[in-house]
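Me: I'd like to learn how to read a structure like this. Could we go through it together?

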Number of protein chains: 2
Amino acid sequence: MAQQGRKRHVSITDVAQQAGVSITTVSHVLSGQRPVSAATTAKVRRVIAELGYEPNQLARGLRLQRTNTVALVIPDITNPFYPQIARGLQNVLGPAGLQVLVTSTDADPAVEDAAVQQMITRRVDGLAFAGYQTDHRRVSPAAEVGIPVVLLGGRTARPGIDVVSSDDVAGGEIAAGYLVERGYRRIAFITGPGRVGAPANRVLGYRHALREAGMPSSAPLVVREEISRDGGARAMERLLALRQPPDAVLCTNDVVALGALDAAKARGLSVPGDVAVMGFDDIEIAALTTPPLTTVSIRPLEQGEAIGRLLLGRLDGSAPRGAQRILFDPAVVRRESA
Amino acid sequence: MAQQGRKRHVSITDVAQQAGVSITTVSHVLSGQRPVSAATTAKVRRVIAELGYEPNQLARGLRLQRTNTVALVIPDITNPFYPQIARGLQNVLGPAGLQVLVTSTDADPAVEDAAVQQMITRRVDGLAFAGYQTDHRRVSPAAEVGIPVVLLGGRTARPGIDVVSSDDVAGGEIAAGYLVERGYRRIAFITGPGRVGAPANRVLGYRHALREAGMPSSAPLVVREEISRDGGARAMERLLALRQPPDAVLCTNDVVALGALDAAKARGLSVPGDVAVMGFDDIEIAALTTPPLTTVSIRPLEQGEAIGRLLLGRLDGSAPRGAQRILFDPAVVRRESA
DNA sequence: GTTCCTTTGCAAAACGTTTTGTATTCTGGC
DNA sequence: GCCAGAATACAAAACGTTTTGCAAAGGAAC
């Protein structure tokens, strides 16, 4: 019987009837938009409490042209990066009464387009979008009808669209800088085969930092391998076999670092005593390796919060006219491997 | 300018005007609810395409009393279990045109109640709810107004509310059965201090399986420790110090198993040669330990899908009247540690 | 006692759909 | 040539709000 749901939803009309006033008056009591006498206010409030009335958000949205809903369109909620984004978003949007509609697209452009379209028909108040190679064309239908859009991880500036992204170049610099500071003299980098995207940018930052420090950062020290645990192990073996092996190695992500750790262990080397290892991304596993992995966090939670603030700013009109681009400096998470 | 969004939303009225027909006709063309002449149909369709018209889901929902939205209320989207649920849910709901509204509550009853209330005012078509100690009272306001509800992980039968849950007792049985089958003769269990919930049920299943196999499953072999990596290590040390140490140990979850692995390694024992180790939950890390951890998956993705199907069944009325309770048998994920 | 504000409450329109009842036109049978 | 019935299109109501324009009532000033 609880299941049956015989109880009808109570509407503003019910309240008005029960209180013996017009729905206008009820609305005004609720919004304070126009003054209502104390007596009437009290009566209406009592009835509202008795009946447990809550305004229908659908009708409200239709009238107000505002749904208090924000869309989050991402490649895959199952990738641990995005739940953090979602959480950050909710952290700042929730207190403002907004809720989050999430869709995973598997980074398929057709699915992405459909999702954006779907969100438009639902009249979401804002859209946070992340693709694989985040492309502003995916979201332009939303932007065109005036929905505030924030792109996550866009590589380059977009025409008039806000972007939140982690600064991978800075990340490479920061990581390398940390190692330099800790006294390592020969710092290697294990990266992927590609020449674009986060891995490439991290190498860029690494090179820059080492150049500044007057240390070598090229040829034998930068090794390209498949981005995987095995790839990391193979790369590490190559580095350790060098005539002048590195005393520290930076890995383009934590999984690769895991492989590097494997290879070092296989050679009987101690980490960080014989060779330091450092990763990127601070995935959950990083805290659980032996030794626990020193890594660089790209602060997804804060990125999510930044997206939320950006959206909120657009909604209440407090944001500047032009597009904003918020870059996050990654942060070193110091554990024991470096 | 893309940002400005001067383009107004196109409504059914615009289409009707442009096509020189009434909005009724446009609606009928779209729904096929009543026949419309071929000529008119063609004309209307052309205009719709030209204008890029898509019905406003808000207005639609208001009229139809159906929003094509399902709420997912969970403790924390950041806990890797729930994104899998979310994904499973979307997998079955998406093709039916439903979208998912997600909220994290941190398992705070006040927040949970607010979230459920919020979802009701949004007139979601269904509600999937998971709490820490999932309690049906949290969701009864929704059930009372006739919103189909599915509880995730409820421990006992609920009055008329569908439940999806993993069968922890069966999980314990399956895990222990697997070890028995592989020839282990002295099987221990590391569990938490509590006497209720998943850990306790797993122990129950384990006991049952061993009793059936005529093996010991009590006193020194079941050890209670804090559920953490360190706790796992301490428990394992106690087990290994026994006069008759076990040849296999089951851990109440993967993190505890990680600790057990640590302790075995510290003693210079090989896994699974000297002692086998097995976990529960199949978290991401499980595949990355050395040796990779054999564990038991509670199949969260499938649970999410089951929730979706349950909800869909309630929505299209194809479900039986009574409440359903779907229990998932966990599945052994065989790797190398046992 | 009239006039003029101020206070208080209501009626009606609008948001964008779907659906029902009805009016018009067409078709064919007689 | 008329009529029944089918085919086609439309007007209007309803979903549940918020907001604007007005009207009624009350009080103060003259």
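Reply: Sure, starting with "near": a residue is near a strand if its C-beta atom, placed from the backbone, lies within 6 Å of it. Here 28 residues surround DNA strand C, the closest being A:Ser22, A:Thr40, B:Ile12, B:Asn56 and B:Ala59. This is a predicted model, where local features need pLDDT of at least 70, side-chain atom pairs count only at pLDDT 80 or more, and totals for chains, interfaces and linings use all residues. Residues are numbered from 1 along each chain as its sequence is written, with chains lettered from A and ligands numbered from 1 in the order in which they are written.

Me: Which element gives the largest share of the surface near DNA strand C?

Reply: Elements are DSSP runs numbered from the N terminus: helices (H or I, at least four residues) and strands (E, at least two). H2(B) leads, with six residues.

Me: How many residues of chain A are in contact with chain B?

Reply: Contact means C-beta atoms, placed from the backbone, within 7 Å. By that rule, 49 residues of chain A touch 49 of chain B. On chain A's side, E2(A) gives the most, six residues.

Me: In which sense do E2(A) and E2 of chain B pair?

Reply: Strands pair if DSSP finds at least two bridges between them. These two run antiparallel, over three bridges. A:Val100, for one, has B:Val102 as its bridge partner.

Notes:
Contact = placed C-beta atoms within 7 Å.
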